[in-house]
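Work through the exercises below with the sequence and the structure open. Each task is followed by its solution in steps.

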Amino acid sequence: MAGLSVGKAINRLEGRAKVTGAAKYAGEYNVPDLLYGYVVNSRITKGKIRSIDTTKAKAFDGVVEVFTHENRPKLAWLKLKYKDIDAPSGSALKPLHDAEIKFSGQPIALVVAKDYETARYAATLVSVQYEAEPFETCLETNLDKARDQKNAPKPTGHFEKAYEKSPVKVSAEYLHSTEHHNPIELFATTTIYEGEGKLTIYDKTQWTINNQVYVANVFGLHFKDVRVLAPFVGGAFGSGLRPQYQLFLCVLAALHLKRNVRVTLDRHQMFPFSHRPPTYQKTRFSANNDGKITAMNHIAVSETSEYEDKIEEVVSWSHRLYPAPNTLFQHKLAPLNVHTPLDMRAPGASTAMHAIECTMDALAYKLNMDPLDFRLINYSENDPAEDKPFTSKELKQCYEKAAEKFGWRNRNPVPGSMQHGNKLIGYGMATGIWDAEQYPSRVEAILNKEGRLEIHNATTDIGTGTFTVMTQIAADELGLLPEDVIFSYGDSKNPFSASQGGSSTTASTGVAVVMAVKALKAKLLKKARAISNSRLKKLEDDEISFADGNIILKTDDAPLISFREIIAANKGKEIKTTNLGKPHFLKLRKYSKATHSAAFVEVEIDRDLKTINVTRAVTAVAAGKIINPKTARSQILGAMVWSISKALREETILDENLGKYMNPNLGEYHIPVHADIHDLEVIFADEKDEVINELGVKGVGEIGMIAMPAAITNAIFHATGRRINKLPIHFDALM
Amino acid sequence: MEVPVNKFDYQQAANTHEASVLVTGNDRANFIAGGTNLIDLWKYNVTNPALLVDINRIKENKTIEEIEGGGIRLGALVSNADTAYHPLIEQRYPLLSSAILAGASGQIRNMASNGGNLMQRTRCYYFYDAEVPCNKRHPGSGCPAISGYNRMHAILGHSEHCIAVFPSDMCVALAALEAVVNVSDANGTRSIPFEDFHRLPESTPEVDNTLKHGEFITSIDLPSNGFSSNYAYLKIRDRNSYAFALVSVATGLALDGDMIREARIALGGVAHKPWRVKAAEDALRGKPVTETSFEQAADLMLEGAQGFKYNRFKIALAKRAIIRNCMMSLHPELQKPGAQP
Ligand SMILES: Cc1cc2nc3c(=O)[nH]c(=O)nc-3n(C[C@H](O)[C@H](O)[C@H](O)COP(=O)(O)OP(=O)(O)OC[C@H]3O[C@@H](n4cnc5c(N)ncnc54)[C@H](O)[C@@H]3O)c2cc1C
């Protein structure tokens, strides 16, 4: 029977299309007379283009045009027009605007040709003379340049005094390298020129509407004439939250040439790009002998570009977990000659919790306390920073269930005490916290002529399972099977959705789906009652319900009228409603909202060679109701793999003398391989949340990778007695 | 798509002689076997051949067979995978199998040829980035690796001109086994002892080895002793698979009870060629199989080692790896997949 889909581990609906290659991505739409663009990137890091000679490239057989700052069509001149909805303060990059170079690899020309190889080859014929200027790209040597930001929470109590007086204290510095999102799908845009000022754009994005607005603003088009589609997205992890440069260049070429154009970036062209900013952190935490934290100071200095101030939420997290009476937080930005950073899976929090949870571990050791017990002593049902209750918080359950499953209590706390042959064994744990956001989202719900439910929303599905869970939610709400729901998404023409970022989509669009289907039900009921001698006329709303394509009597499930009959009575026409789903702002003001997690990790370290393996890991997550345990588990598993990557593997290597990234390929940008991944286990805590929204859902996209990097670091300490505070941890740091 | 851009000629050679004749005297002609290295370098604009001579259709040099004197001849056109899994190699030269299987990925090993493996070029970031100076790519332009990010670079045998390392795993085993490389060209054939095949960078880092342009590698001979009773290969790298060695060690021991009769040790990932030190091997002769013996040998092997800002750890790592691997060679059955520790 229909109506029981939510909570079921059903397979991804688009899975077959993806594994058989039927799913098409932005760079795979083959339209007639397509031209291909290839980007020329700057070789210098800072300075000016003295001259750019495109004669040879243009003369090459098959080349249609070469766009540079010298010949580009006139564009919006207002800086503001280049600001996409997700742009931080500052002035967004204006590609091909002038001769100025602000970072290595900045796009400086687009060669458009009749095929990709011609464009790619001709790009090597563009000759550029530069005037190089000195640059700064290294965070560590530019910490003193950092500017204070206003976003840090206000101090509470008197940190310095309290810290001074406290009997037990720990202070430490942390650093992590630049990381790039590196989704497997290359960034690409296919722009279809539909006639004067009208475009259909297939783009790799997490926010169709943001790119629609951006294109319309920059190129002076009407919003309604710009349609952005992203039916399939091969991973994005934040890199698709803002328009990337291939979109601008592709649209520029299409409009000017009045032709269909595609621009696909190479892997290495996705490095002069958005990324997770390297961040330096310093913490000072203190406690009383009973283990109660007395004071917390957290300072973060992160990289940004010289033209925009991208600032992550870093220093606010400790106080949302631990009730310390004295706190002092500071966030600074160091502007360097790099492109602007951008949110990357668990932005800010994965950075912060690495420092916070390693500091907590060190403090536990100073207190001679079990690290888990120390967390429990400082457990807070309320959000200490806001002094408000959480809508729900099952972190304690996460600790208990994960610790039990992992066997935490078998741990000998003495560093280096657990060994297996010539391997040192370490157990480490850490806590995770992430926001539970919901944004307004508009959904159109249609009962179509065949009696199937169509749902329309602009959101994307970046591989998270959105398509599947929205279908489940809609199916249950109208009492249909998932097969009878058609979810249309990834299209800016559909009703509004915010970005697919911050683990907010299931709550935002999910709630909007519920609201829209509820409205549709009311409309169906009204239409059904209007039919002469309908039995429904005599029945109250709460006496009936919807199941299997009928309106039924609750008492005996007897069908009263079928959807088909209602459609027939509606002269065979579909019935539709559009509704806005939004958070209950007023009610929620009294609450704090967050998801939580606990990670327990076992590492095995070679006694002599120091090579590190994460042999076992358990992550427990409290994230409200889980709509689909399979897709949710996949999210957490992916995040756990990424945690191993973040702690031990991946980094973008910057040569500070050259001011450029040296490993812009997947051979040398080391993400984990199968041989790096061993036993991973995911637990979802029972978390009933009747306050947060109609569905009781939070989100699971980021929470899985917030605790585990610190847990790995702590496990390494337990195995070796060494605290390595720079990520990724290369094994030789232990030599 | 009508016109191919980036024009180059492509010819299939019918035999080794023809292949050699086509390439000899043409600076911009290259043999292509599996293409797993050449095509990459081409895409990165590190090389730009005008003539590709496809050697895959050649009928010769495609077998692995026994030769006089008890050794084995590996055809240059046999794939790395077929070599590693060949019964003769698995049984008699398991050190070579282990080394090959610790390299690249299954897909790449299926394509990669034995000849190509010897000829693969360094993975130095600066060599691969055609936009920055590199003495190996553009002699005289400088070496940014020396003052740059040199984690993967050499600690032995480097020069002020180049600190790149030769990245092969297979060749570390071939060095330890004292293989011989057979080559031919229009003028005839010659055999190059493995230790003379690759070279140190000195002042001409653009030259990787002693093969002359146009000379064709026909086969690789393995002497009869494969050290199949006591051998081990160890590869230390930044992830457990699909990464080049930071340090690798191939060890083969011949024992008389607890005493070493003969030892072979070669290091990978530390120099411009597989690194062997005869004095270290000689010193082990007649010594007991203990960590102390191997430690002394390791010190001899690493004499003169000099690291840079990001790779100094390799000196200590190499020492520990040598000791570990020599001890491991007493229990070859405990080898882990991918030559992990
Ligand atoms: C991602 C990646 C990871 C890798 N990881 C490893 C690793 O961990 N360990 C490792 O050892 N290797 C590794 N490799 C390298 C791989 O082993 C080599 O690319 C391969 O062995 C080259 O063989 P090929 O037949 O494909 O050579 P090709 O690319 O066809 O040729 C390479 C060169 O050899 C020349 N050549 C080929 N055959 C002959 C011949 N018979 N005579 C004379 N010259 C010849 C060609 O002209 C060319 O200059 C990796 C490669 C890649 C792409």
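Contact here means heavy atoms within 4.5 Å. The model is predicted: local features need pLDDT of at least 70 and side-chain atom pairs count only at pLDDT 80 or more, while totals for chains, interfaces and linings use all residues. Residues are numbered from 1 along each chain as its sequence is written, chains are lettered from A and ligands numbered from 1 in the order in which they are written, and side-chain values use heavy atoms, with hydrogens and water left out.

**Exercise 1. The nonpolar core**

Task: List what Val603(A) touches, leaving out residues up to four places away in sequence, and place this residue in its core.

Solution.
Step 1. The contacts of Val603(A) are Leu424(A), Ile425(A), Gly426(A), Ile612(A), Asn613(A), Val614(A), Thr615(A), Ile712(A), Ala715(A), Ile716(A) and Ala719(A).
Step 2. A nonpolar core is a set of buried Ala, Val, Leu, Ile, Met, Phe, Trp, Tyr and Cys residues joined through side-chain atoms within 4.5 Å. Buried means under 20% relative accessible area, exposed over 50%, and partly exposed in between (1.4 Å probe, protein chains only).
Step 3. The largest such core has 127 residues, and Val603(A) and Ile712(A) touch the most other members. Helix H8 (residues 349-367) of chain A gives the most to this core, eleven residues.
Step 4. Another core lies apart from it, with 45 residues, including Ala445(A) and Ile567(A).

**Exercise 2. Helix H8(A)**

Task: Compare the end-to-end distance of H8(A) with the expected span, and state how far this helix is covered.

Solution.
Step 1. Helices (H or I, at least four residues) and strands (E, at least two) are DSSP runs, numbered from the N terminus.
Step 2. The expected span is 1.5 Å times one less than the number of residues. For the 19 residues of H8(A) this gives 27 Å; the end C-alpha atoms are 26 Å apart, which agrees.
Step 3. Of these 19 residues, 17 are buried, so H8(A) is mostly covered.
Step 4. Asn368(A) follows H8(A) and has a positive phi, near 60 degrees.

**Exercise 3. Strand S6(B)**

Task: Which strands pair with S6(B), and which residues stand opposite Ser184(B)?

Solution.
Step 1. Two strands pair if DSSP finds at least two bridges between them.
Step 2. S6 (residues 180-185) and S7 (residues 188-193) of chain B are antiparallel, with six bridges. They form a hairpin with two residues between them.
Step 3. S6(B) also runs antiparallel to S8 (residues 216-222) of chain B, over five bridges.
Step 4. Ser184(B) faces Thr189(B) in S7(B), and its bridge partner in S8(B) is Phe216(B).
Step 5. Five of the six residues of S6(B) are buried, so this strand is largely enclosed by the rest of the structure.

**Exercise 4. Salt bridges**

Task: How many salt bridges does a search of the whole structure find, and are Asp208(B) and Lys136(B) buried or exposed?

Solution.
Step 1. A salt bridge is a side-chain nitrogen of Lys or Arg within 4 Å of a carboxyl oxygen of Asp or Glu. The search finds 61 over all chains.
Step 2. One of them joins Asp208(B) to Lys136(B), with the closest N and O atoms 2.6 Å apart. The two residues are 72 residues apart in the chain.
Step 3. Asp208(B) has 13% relative accessibility and counts as buried; Lys136(B), at 5%, is also buried.
Step 4. Lys405(A) and Glu681(A) form another, at 3.4 Å. Lys405(A) is partly exposed at 48%, as is Glu681(A) at 33%.
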